[in-house]
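Ready for some practice with helix packing and pockets? Grab a pencil, take a look at the structure, and work through the exercises below.

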Amino acid sequence: MAKITDIYDKICSWENLYKAYENAARGKWYRDDVVRFSANLEEELINLQNHLIYQTYKVGRYREFYVYEPKKRLIMALDFRDRVVQWAIYQQLEPLFDRQFIYDSYGCRKGKGTHRAADRLQYWVRAVSRKPGDWYYLKLDISKYFYRVDHECLMRILRSKIDDERLLWLLKTIIDCEHTAFGLPLGVDPDQCRPEDRLFTVGMPIGNLTSQLFANIYLNELDQYAKHELKLRYYIRYMDDIIILHPDKKYLASVKDDLEIFLNEKLRLNLNKKTAIRKVKTGIEFVGFRIFPTHRKLKKKSLRKMKSRLKYLAKQYQKGNVGFETVHSSVMSYFGTMKHFDSYGLRRYLSRRIKFQRGETQR
């Protein structure tokens with residue numbers, strides 16, 4: 001694949017920056033930072049364009065907070081000005097890199113996503129279940145992936161694919177942020193690590209648009225090794241979750257060792273304790289589902305959270321703390337999710353056990 005060249009001017013162009021502004025603002029038009037930027041739009045974009053052209057751009061400060069779905073994660077959010085820059089880069093680079101990725105990589109890619117990944121894996125599971133003998137799956141889970149991406153390795157990979165020094169400068173400015181450390185020591189959770197103990201040499205901020213792209217570029221090295229060197233047919237990845245199918249359990253153990261060596265030596269990453277080899281017929285946990293040859297279930301943890309959330313909403317609606325539109329929106333969202341797994345029993349449970357009513361009114 002030829003190296004990417006002469007693209008920095010396209011990133012800095014007025015047309016690209018204006019489109020980046022529209023994408024960054026979509027659905028957030030009334031937020032304070034968007035309103036301020038939009039009030040002096042031409043001046044703000046020209047100023048941003050000049051900083052990029054003359055290579056004086058510096059990344060703004062991050063706002064930090066935690067989210068708890070699907071698991072506790074530290075999120076770092078940039079000001080709107082910096083999100084415009086992120087979009088300007090992403091618009092130009094994402095189409096060029098996406099064509100280099102393998103077909104069965106599904107995380108943060110257009111036309112892919114969790115439901116497509118689940119459909120693909122279930123298609124394979126059904127196919128192998130019709131073959132004689134037991135089939136097994138190897139589940140690889142990378143320890144604290146976003147917090148452990150090595151900056152030196154990432155820049156080496158980017159230099160192997162990009163021949164544009166100005167672009168490499170901009171990407172390095174974002175990756176090696178001079179005022180905020182993103183990385184965690186090995187084996188430490190985000191909420192157990194003080195900000196002063198975080199590492200500057202590893203990690204990417206969860207919340208950056210470019211982090212999603214970098215994450216796929218980084219693990220594409222593993223994908224290419226798995227597909228072209230190890231010749232793995234049934235290999236699928238959603239971000240840092242990887243599933244491999246094969247009829248030989250010992251072969252999968254050997255593959256696990258090969259991939260772990262590659263991760264350790266080439267990408268400086270480690271597998272966590274969730275890595276395992278089991279029979280396909282027992283069900284495979286992947287992208288929020290437990291996938292069997294004949295059906296698909298929601299993970300027990302996700303199921304408990306859904307029931308708990310709906311019970312909470314029912315109580316809040318009864319007390320008058322939330323309106324019908326809020327309740328309706330949440331319920332419709334959950335019922336939309338239920339279309340993607342076998343949910344007959346769950347829907348019966350919800351219809352019998354959870355009632356949304358306020359006084360004499362039941363809806």
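**Exercise 1.** Work out how α5 and α9 are oriented to each other in this predicted model.

*Solution.* Start with the axes: those of α5 (residues 80-98) and α9 (residues 165-175) cross at roughly 130° and come within 12 Å. Next, recall that angles over 145 degrees count as roughly antiparallel and 65 to 115 as roughly perpendicular, with this one falling in neither range, so α5 and α9 are oblique to each other. Then add the hand: the crossing of α5 and α9 is left-handed. Now for the residues: α5 brings Q86, I89 and L93, which meet L167, L170, L171 and I174 of α9. Sorted by class, this contact has six nonpolar residues, one polar and no charged ones.

**Exercise 2.** Do the same for α3 and α4: what is their orientation to each other?

*Solution.* The axes of α3 (residues 32-39) and α4 (residues 41-53) come within 5 Å and cross at roughly 90°. That angle lies in the 65 to 115 range, so α3 and α4 are roughly perpendicular to each other. On the α3 side, the contact uses F37, S38 and A39, while α4 supplies L41, E44 and L45. By class, that's four nonpolar, one polar and one charged.

**Exercise 3.** Describe the second largest pocket: what is its volume, and which residues are closest to its centre?

*Solution.* First, the volume is about 340 Å³. Second, 16 residues line this pocket, and K28, A77, R83, G207 and N208 are the closest to its centre. Third, β2 (63-67), β3 (73-77) and α5 each give two or more residues to the lining. Finally, the lining residues divide into nine nonpolar, three polar and four charged.

Technical notes
Residues are numbered from 1 along each chain as its sequence is written. This is a predicted model: local features need pLDDT of at least 70, side-chain atom pairs count only at pLDDT 80 or more; totals for chains, interfaces and linings use all residues. Side-chain values use heavy atoms; hydrogens and water are left out. Axes are lines fitted to C-alpha atoms, for helices over the stretch in contact, and angles run from 0 to 180 degrees between N-to-C directions. Helices (H or I, at least four residues) and strands (E, at least two) are DSSP runs, numbered from the N terminus. Angles under 35 degrees count as roughly parallel, over 145 as roughly antiparallel, 65 to 115 as roughly perpendicular and the rest as oblique. A crossing is left-handed if the near helix is turned anticlockwise from the far one by less than a right angle, and right-handed if clockwise. Contact means heavy atoms within 4.5 Å. Ala, Val, Leu, Ile, Met, Phe, Trp, Tyr, Cys and Pro count as nonpolar, Asp, Glu, Lys and Arg as charged, and the others, Gly among them, as polar. On a 1 Å grid over the protein atoms alone, a cavity is a set of points where a 1.4 Å probe fits but cannot get out, and a pocket is an open set with protein on both sides within 12 Å along at least five of seven lines; lining residues have an atom within 4 Å of a point. Grid points are joined across faces, edges and corners, and a volume is the space filled by probe spheres set on the points.
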